[in-house]
Amino acid sequence: MSGLEVLDPTGERQPRERRRLPRPDSIDGRRVALLDISKARGNVFLDRLEQLLSERGAKTERFRKPTFARPAPRALLEEITARSDLVVEALAD
Amino acid sequence: MPTLLRVEHGQVVDQLQGWLRDRWEEFTGVAPLGEGLPEYRAGCGSRSVEPALVEKLAARFGGDRLASRRISFGAEEDEFEAAYARGWSDGLPVIPPTPERVLRMLAGTSREPSEVVAVVPPDLVPCTVEKIAVNAVLAGCRPEYLPVLMAALEAACTDDFNMHGLLATTFFSGPIVIVNGPISREIGMNSGVNVLGQGNRANSTIGRALQLVVRNVGGGRPDGVDRATLGSPGKLGFCFAEREEDSPWEPLHVELGFRPEQSTVTLFAGQGPEPIVDQLSRTPEELIRSFAACLDAVAHPNLALGFDAIVVVPPDHARVFRGAGWSKARMREEVNRLLTRPGRERARGRGGMGEGLPESLAEADISKFREGGLHFVHAGGKAGMFSGVLTSWVNPNGGGSTPVTVEVRK
């Protein structure tokens with residue numbers, strides 16, 4: 001058989017290509033959110049990163065997801081968006 | 001189809017079907033009629049009710065019931081390869097979802113094709129009865145499985161079940177569908193020999209169709225949002241029925257508050273089975289100790305309260321408990337009693353292993369399973385002194401998944 005007509009089994013969302021934001025010229029004076037997703041030892045990674053970013057003049061602020069097993073609560077996302085220019089998320093164990 | 005009509009003032013007032021000499025003579029007032037003809041011939045039926053033609057005609061003239069985008073494969077394109085190429089498959093061949101097949105599938109429910117059954121993660125796409133039917137065709141379901149599949153999807157997409165988290169986790173688990181009540185018999189599900197294995201169409205395709213909806217409608221794909229380190233073969237589809245007819249216990253759904261004559265699906269985020277082998281115990285006191293010893297290792301012997309388990313108990317093990325009149329509640333109580341001990345005995349470092357409970361729980365009496373975290377289900381073939389443990393993903397204590405039961409609506 002050929003030229004068969006079938007029904008689309010997908011959600012029919014045409015995913016739009018989302019362009020990345022341009023890389024910042026400098027992080028000096030920028031507000032950087034450091035998001036801990038509550039995975040073990042994510043804090044170790046972020047502690048070191050915070051130190052390195054501070055040395056380069058960034059203003060860091062720490063945030064934390066209640067659990068890594070669920071998407072971040074809407075309120076947390078809004079807070080991060082309102083309070084920061086850049087975000088670093090620690091995913092790893 | 002009528003063969004003779006009586007018309008008065010332009011209205012049909014009477015009619016006959018087929019040929020029956022007496023009836024024709026009476027109807028027309030003319031006798032004798034049809035000399036040389038046989039006494040009786042059935043009338044012909046309309047082709048519109050011929051089984052093979054119904055869906056073709058429905059698709060041609062009633063296709064506006066279907067809202068899904070239509071896709072035409074290329075004239076030289078192999079239809080099975082085409083489905084792979086478009087990313088609709090879980091790795092196994094899928095049945096091309098032609099409008100005819102989808103309409104036939106929709107005959108399995110009285111619900112409108114446009115009705116939204118659930119919002120499917122991770123892309124949070126509203127999923128209609130029709131989209132479920134399209135994926136049910138892909139998976140190889142029969143129309144009568146559709147209500148079970150719809151209930152399974154409804155359960156999967158609740159906040160409690162947390163399908164998004166289950167997809168995204170690096171853990172092994174997938175949705176395990178347990179079917180209870182009369183529908184499991186009506187649609188011919190397997191609850192006996194090789195119950196957790198291959199070979200039964202309903203068991204194999206319902207679980208598969210659920211995962212295909214999550215993949216195709218929700219957009220949850222391996223190496224996309226699905227980040228499983230190892231996964232498990234049950235993620236292709238894991239669905240079975242409880243063996244209710246000769247069970248010593250009330251079925252799972254009755255235990256959860258439903259009536260026996262209701263049909264339900266229970267979704268459990270997990271994997272398995274992990275064998276419990278005990279061919280020698282003949283008393284419930286002995287056998288429950290074997291159960292407890294094996295269950296102690298769920299996730300890790302030093303971990304507790306964070307993972308659930310369902311023990312699938314086949315008839316040979318069940319009769320040991322049946323003989324002594326042990327209920328499911330009694331079995332759970334015994335396991336919890338045997339597996340409750342101070343946290344320090346599961347502490348980090350215990351047995352030379354880094355994994356374990358934190359120091360803060362050292363002095364508390366900790367049971368292996370949370371309240372409601374251990375269940376027993378009767379299923380399997382009649383021969384074999386084994387049980388099988390289905391272990392969970394992280395339970396709600398760890399922000400993971402709570403098992404969810406939903407009634408099947410046709």
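**Two helices, a run of strands and a chain-to-chain contact**

In this predicted model, helix H5(B) goes past helix H6(B) in a right-handed crossing. That helix pair is a good place to start looking. After that, we'll move to the strands of chain B, and then to where chain B meets chain A.

**How the two helices pack**

- Two packed helices are described by the angle between their axes and the distance between the axes.
- Here, H5 covers residues 129–139 of chain B and H6 covers residues 146–156 of chain B; their axes sit 10 Å apart, at an angle of about 115°.
- Angles from 65 to 115 degrees count as roughly perpendicular, so H5(B) is roughly perpendicular to H6(B).
- On the H5(B) side, the residues that make the contact are B:Val129, B:Ile132, B:Ala133 and B:Ala136, and they meet B:Leu146, B:Leu149, B:Met150 and B:Leu153 of H6(B).
- What kinds of residues make up this contact between H5(B) and H6(B)? Eight are nonpolar, with no polar and no charged ones in the mix.

**Strands in chain B**

- Strand S8(B) is mostly covered, with seven of its seven residues buried.
- S8, residues 174–180 of chain B, pairs with S9(B) in the parallel sense, and four bridges link the two.
- If you want to find that pairing in the structure, look for B:Ile176, whose bridge partner in S9(B) is B:Phe238, and for B:Ile178, which has B:Phe240 as its bridge partner in S9(B).
- S8(B) also pairs with S10 (residues 264–277) of chain B, this time in the antiparallel sense and over seven bridges.
- In that pairing, B:Thr264 of S10(B) is the residue opposite B:Asn180.
- Which way do the residues of S9 (residues 238–241) of chain B point? B:Phe238 and B:Phe240 go one way, B:Cys239 and B:Ala241 go the other way, and all of them are buried.

**Where chain B meets chain A**

- On the chain B side, 34 residues are in contact with 17 residues of chain A.
- The elements of chain B that give two or more residues to this side are strand S5 (70–72), helix H4 (99–106), H5 and helix H7 (163–168), so you've already met one of them, H5(B), in the helix pair above.
- Sorted by class, the side of chain B that touches chain A has 14 nonpolar, 14 polar and six charged residues.
- Strands join up across the chains too: S1 (residues 5–7) of chain A runs antiparallel to S5(B), with three bridges between them.
- One of the residues to look for is A:Leu7, whose bridge partner in S5(B) is B:Arg70.

Terms used. Residues numbered from 1 in each chain as written. Chains lettered and ligands numbered in written order. Predicted model: local features only at pLDDT ≥ 70, side-chain atom pairs only at ≥ 80, totals over all residues. Axes fitted to C-alpha atoms, helices over the stretch in contact; angles between N-to-C directions. Parallel < 35°, antiparallel > 145°, perpendicular 65-115°, else oblique. Left-handed = near helix turned anticlockwise from the far one by under 90°. Contact = placed C-beta atoms within 7 Å. Nonpolar A, V, L, I, M, F, W, Y, C, P; charged D, E, K, R; others polar. Buried ≥ 20, exposed ≤ 12 C-beta atoms within 10 Å, placed from the backbone. Pairing = 2+ DSSP bridges.
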